[in-house]
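Here are a few short exercises to work through with the model open beside you. Try each task before reading its solution.

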Amino acid sequence: MTAVPRLAVLGSGKGSNFVAIQEAILAGSLHAQIALVVSDWPDATILARATAFGLPIATLPPSPFRTKLSPEGETALVELLRAHEIEWVILAGYMRVVKEPLLSAFPNRIVNIHPSLLPAFKGLKAWEQALAAGVRETGCTVHFVNRDIDAGEIIAQRSVPVLDGDTPETLHARIQVAEHELYPAALARVLQPGT
Ligand code: GRF
């Protein structure tokens, strides 16, 4: 058995994907450890859920921008991740665009999950975009993160039907069920290639 990869999970919201990943680790289906959970919002539910699992948490200092960190903030984040000897950065509902120097600090080691079948419906509220477009199928995508938003190399996808009468809430809930299966399975493939 190789060394256990050290993950940081970054999230801004409720953290249901974080929980799915941690539960896969505890169940033994994902060989990894979450060494740090980071949020840009001190009251984000993901931090309370991490604490409930007994995992270390950190909150990023306030940023002057809503959708990205300042360059100083991104540098401080890299230092935080290095201090915890993080090897992989796992984005799970992290609502900031990842910039330098974080991208260069973890080349091909930042992973995200997006609630659509990329390249369709990049950006915010992809489930609402899918409803507005009238498609009969959408889904979720696990992908590497690069400087282009929601455009890094695709690791895995799972499709989900759009049903008559779907609201944004029902569709997003169905996508999230798929996410919770897909994300840990995709991470297992990325972290242990060949297994
Ligand atoms: C997920 O739908 C994910 O695809 C998107 O943000 C949402 C995060 O949900 N990037 P959660 O915080 O993991 O519950």
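The exercises below start at the ligand and then move to individual residues.

This is a predicted model, in which local features need pLDDT of at least 70 and side-chain atom pairs count only at pLDDT 80 or more, while totals for chains, interfaces and linings use all residues. Residues are numbered from 1 along each chain as its sequence is written, and side-chain values use heavy atoms, with hydrogens and water left out.

**Exercise 1. The shell around the ligand**

Find which residues surround the ligand, and work out which helices and strands each supply at least two residues of that shell.

Solution.
- Step 1: Select residues by distance; a residue is near a molecule if one of its heavy atoms lies within 4 Å of it.
- Step 2: The selection should give you Lys14, Gly15, Ser16, Asn17, Gly93, Ile113, His114, Pro115, His172, Gln176 and Glu179.
- Step 3: Map these onto the secondary structure, where helices (H or I, at least four residues) and strands (E, at least two) are DSSP runs numbered from the N terminus. Helix H1 (16-27), strand S5 (110-114) and helix H6 (168-191) each supply at least two shell residues. H6 gives the largest share, with three residues.
- Step 4: Sort the shell by residue type. Ala, Val, Leu, Ile, Met, Phe, Trp, Tyr, Cys and Pro count as nonpolar, Asp, Glu, Lys and Arg as charged, and the others, Gly among them, as polar. The shell then divides into two nonpolar, seven polar and two charged residues.

**Exercise 2. Polar atoms and cover**

Locate the oxygen atoms of the ligand that lie 2.4 Å, 2.9 Å and 3.5 Å from protein atoms, and then ask how much of the ligand's accessible area the protein covers.

Solution.
- Step 1: Look for polar contacts, meaning pairs of N or O atoms within 3.5 Å; within protein, one must be able to donate a hydrogen and the other to accept it, and residues adjacent in sequence count only if both atoms are side-chain atoms.
- Step 2: A side-chain N or O atom of Glu179 is 2.4 Å from a ligand oxygen. For His172, a polar side-chain atom lies 2.9 Å from an oxygen atom of the ligand. Pro115 uses its backbone instead, with an N or O atom 3.5 Å from a ligand oxygen.
- Step 3: Now consider the cover. On its own the ligand has 370 Å² of accessible area, and the protein covers 89% of this. Such areas come from the Shrake-Rupley method with a 1.4 Å probe; for residues, only the protein chains shown count as cover.

**Exercise 3. From His114 to Asp150**

Is His114 buried or exposed, and which side chain does it join in a polar contact of 3.5 Å?

Solution.
- Step 1: Place His114, which sits in strand S5.
- Step 2: Apply the cut-offs: buried means under 20% relative accessible area, exposed over 50%, and partly exposed in between (1.4 Å probe, protein chains only). His114 has 3%, so it is buried.
- Step 3: Follow its side chain to that of Asp150, where the two make a polar contact of 3.5 Å.
- Step 4: Asp150 lies in the loop between strand S6 (137-144) and strand S7 (154-161). With a relative accessible area of 12%, Asp150 is buried too. Its phi is positive, about 55 degrees, although Asp150 is not a glycine.

**Exercise 4. The loop between S5 and H5**

Find the cis peptide bond that leads to Pro119, and check the phi of Phe121.

Solution.
- Step 1: Go to the loop between S5 and helix H5 (126-133), where Pro119 is found.
- Step 2: The bond from Leu118 to Pro119 is cis, with omega near 15 degrees.
- Step 3: Phe121 is also in the loop between S5 and H5. Its phi is positive, about 60 degrees, although Phe121 is not a glycine. Phe121 has a relative accessible area of 17%, so it is buried.

**Exercise 5. Arg96 and Pro101**

Which backbone oxygens lie 2.6 Å and 3.4 Å from a polar side-chain atom of Arg96, and which residue does a cis peptide bond join to Pro101?

Solution.
- Step 1: Arg96 is in the loop between S4 and H4, and at 7% relative accessibility it counts as buried.
- Step 2: The backbone oxygen of Phe65 is 2.6 Å from a polar atom of the Arg96 side chain. For the backbone oxygen of Arg66, the distance is 3.4 Å.
- Step 3: Pro101 is found in the loop between strand S4 (88-91) and helix H4 (102-105). A cis bond with omega of about 5 degrees joins Glu100 to Pro101.
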